[in-house]
Each structure stands twice: as C-alpha cells, then as structure tokens.
Amino acid sequence: MIVVAGEALIDLVPQGTGALAALRPALGGGPYNTAVALGRLGSPTAFCSRVSYDAFGEALLDRLRETGVDIAPVQRGTEPTTLAVASVGADGSAAYSFYVDGTADRLFTVPADLPSGTRAASFGTCSLVLEPGASAYEGLLRETAARGVLTALDPNIRAGLIPDPDAYRARFKSWLPSVSLLKLSEEDAAWLGGTPREWLASGPAAVVVTRGGAGLTAFTRDGGEYAVPGERVEVVDTIGAGDTVNAALLHGLAARDALDPDGLVALGPEGWTGLLGFAARAAALTCSRAGAEPPYAHEMTA
C-alpha cells in the first residue's frame with residue numbers, strides 16, 4: 001500500500017485567452033493527482049486528506065473510487081473546497097492563484113494510524129504550507145518516517161502561498177531527516193536554494209530533479225548520479241506532469257521491491273535509468289493531453 005497525504009482541490013482552467021475567459025473546473029491538487037496516477041498504474045493506493053462535503057468534494061472522491069484508490073483515510077468537513085485558478089502559458093506551462101481561506105483541507109488532523117500494509121507515504125505541495133493543516137501533515141511525515149516507512153516529498157513550490165520564504169526554506173530543511181525520496185523540479189530547487197548533494201547529506205537516500213522536456217536526474221546517497229532525457233511529445237499543457245512523475249517513481253520502486261531507503265541506493269545504474277525512463281514516459285503522456293490526466297498501466301506498455 002502506498003499512502004498519498006495532502007490536498008485535493010479544484011483547478012479552474014481557462015478555456016480561452018483574456019482575463020474573463022470561461023473557466024472549466026478540473027479535479028486537482030498535487031497529492032490528489034499523485035494518488036489518481038498511482039491508481040491508474042495499478043498500485044494499491046490510499047488517499048489521506050480532508051475533503052469537503054460540497055459538490056466539488058464529492059466529485060473528487062468519485063474519481064478516487066473510480067480509480068481504485070482507498071478513501072477510508074479521508075476526513076470530511078462542511079467547509080468549501082479549495083480553488084486554484086490556472087493560467088497556461090504559450091509553452092503549456094501552468095501557473096496558479098489560490099482561494100484557500102477557510103477551506104476543508106486546511107483543517108486536516110493527524111490520523112490515529114495509516115492503512116495496514118503501508119510501505120510508502122507521499123507528501124507535498126500546498127498541504128505543507130497552509131496552517132493549521134501543514135503542521136498536521138508535517139507531524140504525520142515525521143511519525144511515518146520514525147516507523148520505518150519510506151517517505152517521499154515533493155515540495156512543488158507555490159510561491160504565492162508562502163508569506164515568509166526564508167521560514168519555509170528553514171522548515172523544508174527540517175523535514176529532510178524524515179524524507180527517504182526527495183523529488184522536485186529544477187525551478188523548485190532554484191527557489192529553495194541548496195543542491196542535491198547538500199540535501200542528501202541531511203537525510204534522503206535519493207533526490208530526483210525534473211527538468212521539463214530535458215528529462216530527469218537522480219542523485220543517490222552513495223554518490224550515484226543517473227539521468228535520462230525527456231520523451232518528445234506535442235505538449236498540450238504540463239498540469240499534473242510532476243505529480244505523475246511522483247506516482248511513476250513510487251510505482252516503479254514497488255515493482256522493483258525497492259520501497260525502502262536501502263532499496264533506493266541499491267537500484268544501481270540500470271535500475272535507476274529504467275525507473276527514470278518509466279517516469280519520463282508517464283509524464284510525457286500526461287503532457288500530451290489537457291489537464292491532469294495521467295496514463296493507465298496499459299498505455300505504459302503499448
């Protein structure tokens with residue numbers, strides 16, 4: 001079982017140009033997209049979050065059910081669902097503004113336990129920024145790591161939500177001793193400061209940096225460095241691409257029976273290039289269609 005902990009929200013995606021273009025609601029949130037992608041790839045997955053009882057919340061849970069994701073750990077609330085208004089650039093890249101005050105996912109509390117058989121837990125994005133939920137997710141991250149479960153972190157920086165960048169950067173560093181696998185984009189890395197080698201020295205067994213169409217690079221605790229190019233594809237937009245990488249990495253590690261810190265290092269050159277290539281292919285398929293629509297397992301073998 002892989003548990004994904006974090007927010008589920010609604011992306012409002014413009015259907016044309018200009019400030020008043022019509023907005024199409026789409027199911028989203030970095031952790032939510034990761035859970036959906038894991039379900040589509042066939043990994044036993046559970047989602048741990050707090051979701052509204054409103055219509056958007058019901059739609060979010062419906063997709064998880066359809067994808068086979070266990071929603072038993074999901075907490076519910078009467079507060080509204082978080083909204084993220086997307087803007088898509090000419091190159092397909094996405095930027096967001098958020099409506100988060102008083103929303104359901106901010107009131108997440110630490111659960112008594114995780115589902116039986118949990119071997120990995122994934123964290124990241126807005127859920128580790130917005131209080132009071134951020135402290136609860138942070139506590140769950142630390143507790144999960146202390147129990148020996150592999151922990152994955154994707155900070156997925158949304159700078160507009162971070163009122164004190166220096167405080168967040170310090171907090172990010174404090175998480176690293178509890179992180180097994182750190183995945184982040186090169187833009188996130190530049191914003192946070194530091195290098196993969198510096199982060200590895202603080203705790204993670206591996207760091208994976210995504211470079212858009214240029215591919216992915218993994219750095220491991222034993223000094224390894226492995227890179228693969230991106231797969232060429234006609235990009236519609238990049239929404240959910242990084243989340244798909246998270247899912248593909250975790251799914252691939254599970255398939256290799258490497259869901260533990262020692263297993264990450266033991267993969268070696270062939271294992272890492274195969275895993276990164278799988279993630280690059282999954283991300284390319286997501287970028288080839290509108291919105292966060294990660295691939296199914298059969299598409300990865302076609």
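Select Arg-281 first: with a relative accessible area of 24%, this residue is partly exposed (the class between buried, under 20%, and exposed, over 50%, with a 1.4 Å probe and protein chains only). The model is a predicted one, in which local features need pLDDT of at least 70 and side-chain atom pairs count only at pLDDT 80 or more, while totals for chains, interfaces and linings use all residues. Residues are numbered from 1 along each chain as its sequence is written, and side-chain values use heavy atoms, with hydrogens and water left out.

Next, add Glu-231, which is partly exposed at 37%. The side chains of Arg-281 and Glu-231 meet in a salt bridge at 3.9 Å, N to O (a side-chain nitrogen of Lys or Arg within 4 Å of a carboxyl oxygen of Asp or Glu). Arg-281 lies in helix H9 and Glu-231 in the loop between strand E14 (225-228) and H7, so the pair ties together parts that are 50 residues apart in sequence. Helices (H or I, at least four residues) and strands (E, at least two) are DSSP runs numbered from the N terminus.

Now select Lys-183 and Asp-154, whose side chains form a salt bridge of 3.1 Å, N to O. Lys-183 belongs to strand E11 (residues 181-185) and Asp-154 to strand E10, 29 residues apart. Both Lys-183 and Asp-154 are buried.

From there, move to Asp-243 in helix H7. Asp-243 is buried yet has no salt bridge; the nearest side chain of opposite charge, Lys-183, is 5.8 Å away. In this comparison Lys and Arg count as positive and Asp and Glu as negative, with His and the chain ends not counted. Leaving aside residues up to four places away in sequence, the contacts of Asp-243 include Asp-154 and Asn-156 (contact means heavy atoms within 4.5 Å).

Widen the selection to the whole of H7: 12 of its 15 residues are buried. Just after H7, Asp-257 takes a positive phi of about 55 degrees.

For the interior, select Phe-47, Leu-64, Trp-272 and Leu-276, the residues with the most contacts inside the largest nonpolar core, which has 50 residues. Such a core is a set of buried Ala, Val, Leu, Ile, Met, Phe, Trp, Tyr and Cys residues joined through side-chain atoms within 4.5 Å. Helix H9 (residues 268-287) gives the most to this core, with eight residues.

Finish at Gly-212, in the loop between strand E12 (206-210) and strand E13 (216-220). Gly-212 is exposed, at 61% relative accessible area.
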